[in-house]
Amino acid sequence: MRKIRSSLGDLSSYIFILPTIIVLGLFLVYPILWSFLASFKDVNPILLKNSSLFEVPGTFAGLDQYMQAIDNPLFFKSIFNTLYFGVIFIPITMFASAGLAILVNQKLKGVNFVRSVLFIPYIISVVSASLIFMFLFNGDRGLVNALLQNFGVTGPNWLSSTLWAMPVIAIMHCWEKIGYFMLIYLAGLQNIPKELYEAADVDGVTTFQKFRLITWPLLGRVSLVVSILLIIDALNIFQEIIIMTGGGPADSTITVPFLIYNEAFKYFRIGPAAAMSYLLFVFVIVITFVQKRIVDKRLG
Amino acid sequence: MKNNKSILTILLWSTGIIFLLPIYWLVISSFKSDAEITQFPPTYWPKEFVWSNYPQIWDLLNFGQTMINSIIVSITTTVLIVVFSTMAGYAFSKKQFLGKNILFVALIGTMTVPPTVLLLPLYFIISKMGMYDSLTGLILPFSVTVFGIFFTKQYIDDVPTELLEAARIDGCGELRIFFQMVVPLIKPAITTLAIIMFVQNWNSFTMPLVLLQSEDKFTIPLRLAMLAQQNVAVPWSHILAANVISLLPVVILFLSLQRQFISGIMSGSVKG
């Protein structure tokens, strides 16, 4: 009896974790399992309508849903589009936020003000930001085309162009996220002991060498972590697409998460949607795992 | 050296200006007349400030109701998140219970789950529980966050356990220890968490999109997004005015409490 008592631990702790268990159990853990089960069944909306809460209806379909997901001609297109987005978004955000963190870490006039300004795009909603950029990049009367006109260039109708729609969305996403990633770099920079720089000063080390020997290696380590966050962020790009282009023009901005959303909520192909979302999930896990191995190797 | 510094200052300020430009353009355009806003090339400062864009769009969209919905959802969710997550953070930090370590690892694991994995099952589960097309459906299912638990746990870890033991010996009840000792000690962290969660919920778009149907329940981001879809009927000046109204609360909140906000994000990123 005493043994059971002690393995249960502090009885009062169950009161404290009860809300968490209920809410996260029902609305986080159960959904994860639900999607997993649905990805192996031929679920359809009618079956779903009549099923109970703790039941994933439909007969077992093996890997059928996964095959259907891959067979979808938009599947590889969406991977390509997501890649296109990432190739623009990730490097720009990484270099800009690292550079700005170095800049903001200096004692310059107006540093605090600029730091706040950089952070504003991060705190406003994606919907707000999307509307702003739709207006800025408007083909007929947008500011961007007006500015280009000054240089004698006639700008395209950005968001209706299969070539330009995705880069505009990517640039907007950079604008939204740079402030946040700058803070992560800044936190890293401010963790460098001041004595390190002072010791370097005593030894007569030049500014450039200080940067190369102290700041640069640190930025490299932070960048490893930042890169994984950026990749995951790029793999989840979704809200901007719904608001700005709806996947168009000619499917050129359909990303993987947007395709999953469309499959589920527009075409009600629940099984393939669940299968696709799990393929994405597995991919994220693999990337996280590989990155963790690299970090451990470098730092360990 | 002196020259170097002024180059850096110029660089800093020009980046600031580039980042501010979209916001500037939004705000001044929201004061232009319909005629002026369609003009090309555009004017860089309104010829005449048209204040009426604001009341017009406010009435047209029934924005008062939308605002109230957003306030109800954001504030209630934030309060619940703060209370429930702090309670769990406390249990994970200072208490022993069955399955604690497994549960903690599982929670970390859930952080890599892409939001799209959850979208469809959440829609299904919330509907089955009778919360589809209701504000409750946007509040209760999201009243605990893993981020909130980790965030508060970090700070409760720093509260000396001896202090809590002493209170316990003096005969303090568990709930009293929590609410009268732990909570006041980590008040700054709780404020920070509340700000971050409020902003997140105020801006939330995907769940309302999936879970709401009737217009009188719409929250601000959803209403704004709908506006963009039908932008033939509503002039840009009005859409932009609605946009300014929608982001004003979070921008004011951020500017007045930015120190806490920024330090919260930074500590979350370093320790987490």
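**Exercise 1. Work out how residues 236-257 of chain B are built in this predicted model, and set them beside the UniProt annotation.**

Start with the secondary structure: residues 236-257 of chain B are 95% helix and 0% strand. Next, check the ends, where the C-alpha atoms sit 31 Å apart. Now bring in the record: the unreviewed UniProt entry lists 236-257 as a "transmembrane region" of chain B, along with 7-27, 67-90, 102-126, 138-156 and 177-199. Try one more from that list: residues 67-90 of chain B are 100% helix and 0% strand, with 34 Å between the end C-alpha atoms.

**Exercise 2. Do the same for chain A: what do the annotated spans 12-33 and 83-104 look like?**

First, the record. UniProt (again an unreviewed entry) puts "transmembrane region" at several spans of chain A, including 12-33 and 83-104. Residues 12-33 of chain A come out at 95% helix and 0% strand, and their end C-alpha atoms are 29 Å apart. For residues 83-104 of chain A, the numbers are 100% helix, 0% strand and 31 Å.

Then zoom out. The unreviewed entry also places "domain: ABC transmembrane type-1" at residues 79-291 of chain A. That span is 75% helix and 0% strand, and its end C-alpha atoms lie 21 Å apart. A separate division of chain A gives domain 1 (2-50) and domain 2 (72-268). The centres of those two domains, taken over C-alpha atoms, are 36 Å apart.

**Exercise 3. Describe the overall fold of chain B: what is its radius of gyration, and what would a compact globule of 272 residues have?**

Step one is the inventory: chain B has 15 helices and zero strands. Step two is the radius of gyration, which is 23 Å for chain B, while a compact globule of 272 residues would be near 19 Å. Step three, look at the extents: the C-alpha trace of chain B spans about 75 × 65 × 35 Å along its principal axes. Step four is packing, and here 41% of the residues of chain B count as buried. Finally, contacts: of those in chain B between residues at least 6 apart in sequence, 74% join residues at least 24 apart.

**Exercise 4. Take the interface apart: how many residues does each chain bring, and which helix of chain B gives the largest share?**

Count first: 74 residues of chain B meet 81 residues of chain A. Several helices of chain B supply at least two residues each, among them helix 4 (63-94), helix 11 (187-203) and helix 14 (236-256). The largest share on the chain B side, 15 residues, belongs to helix 1 of chain B. By chemistry, that side splits into 54 nonpolar, 16 polar and four charged residues.

**Exercise 5. Follow one residue across the interface: is Ile120(A) buried or exposed, and what does it touch?**

Locate it: Ile120(A) sits in helix 6 (residues 111-123) of chain A. Now count neighbours. Ile120(A) is buried because 21 other C-beta atoms lie within 10 Å, and the cut-off is 20 or more. Leaving out residues up to four places away in sequence, Ile120(A) touches Ile23(B) and Val251(B). Within its own chain, Ile120(A) is 7.8 Å from Gly179(A), C-alpha to C-alpha, although 59 residues separate them in sequence.

**Exercise 6. Hunt for backbone oddities: where is the cis peptide bond, and which residues other than glycine have a positive phi?**

Keep the baseline in mind: most residues other than glycine have a negative phi, and most peptide bonds are trans. In chain A, a cis peptide bond joins Gly248(A) and Pro249(A), with omega about -15°. Pro249(A) is in the loop between helix 12 (239-244) and helix 13 (256-265) of chain A.

In chain B, Asn62(B) has phi near 55°, and Asp133(B) has phi near 55° as well. Asn62(B) belongs to the loop between helix 3 (53-60) and helix 4 of chain B. Asp133(B) is in the loop between helix 6 and helix 7 of chain B. Asn62(B) counts as partly exposed because it has 13 C-beta neighbours inside 10 Å. Asp133(B) is partly exposed too, with 13 other C-beta atoms within 10 Å.

**Exercise 7. Decide where to read with care: which helices of chains A and B have the lowest confidence?**

Averages first. Chain A has a mean pLDDT of 89, with 98% of its residues at 70 or more. Chain B averages 89, and 96% of its residues score at least 70. In chain A, the low point is helix 1 (residues 2-8) at a mean of 71, and the high point is helix 5 (residues 73-104) at 95. In chain B, helix 15 is lowest at a mean of 72, and helix 7 (residues 136-139) is highest at 96. For the complex, the predictor gives an ipTM of 0.91 and a pTM of 0.91. Where pLDDT is low, the predicted coordinates should not be read in detail.

Key:
Residues are numbered from 1 along each chain as its sequence is written. Chains are lettered from A and ligands numbered from 1 in the order in which they are written. This is a predicted model: local features need pLDDT of at least 70, side-chain atom pairs count only at pLDDT 80 or more; totals for chains, interfaces and linings use all residues. UniProt positions are given in the numbering used here, feature names are shortened, and annotations may be inferred rather than shown by experiment. Helices (H or I, at least four residues) and strands (E, at least two) are DSSP runs, numbered from the N terminus. The radius of gyration is taken over C-alpha atoms; the globule rule is 2.2 Å times the number of residues to the power 0.38. A residue is buried if 20 or more other C-beta atoms lie within 10 Å of its own, exposed if 12 or fewer, and partly exposed in between; C-beta atoms are placed from the backbone. Two residues are in contact if their C-beta atoms, placed from the backbone, lie within 7 Å. Domain bounds come from an automatic or database domain assignment. Ala, Val, Leu, Ile, Met, Phe, Trp, Tyr, Cys and Pro count as nonpolar, Asp, Glu, Lys and Arg as charged, and the others, Gly among them, as polar. pLDDT is the predictor's confidence in each residue, from 0 to 100.
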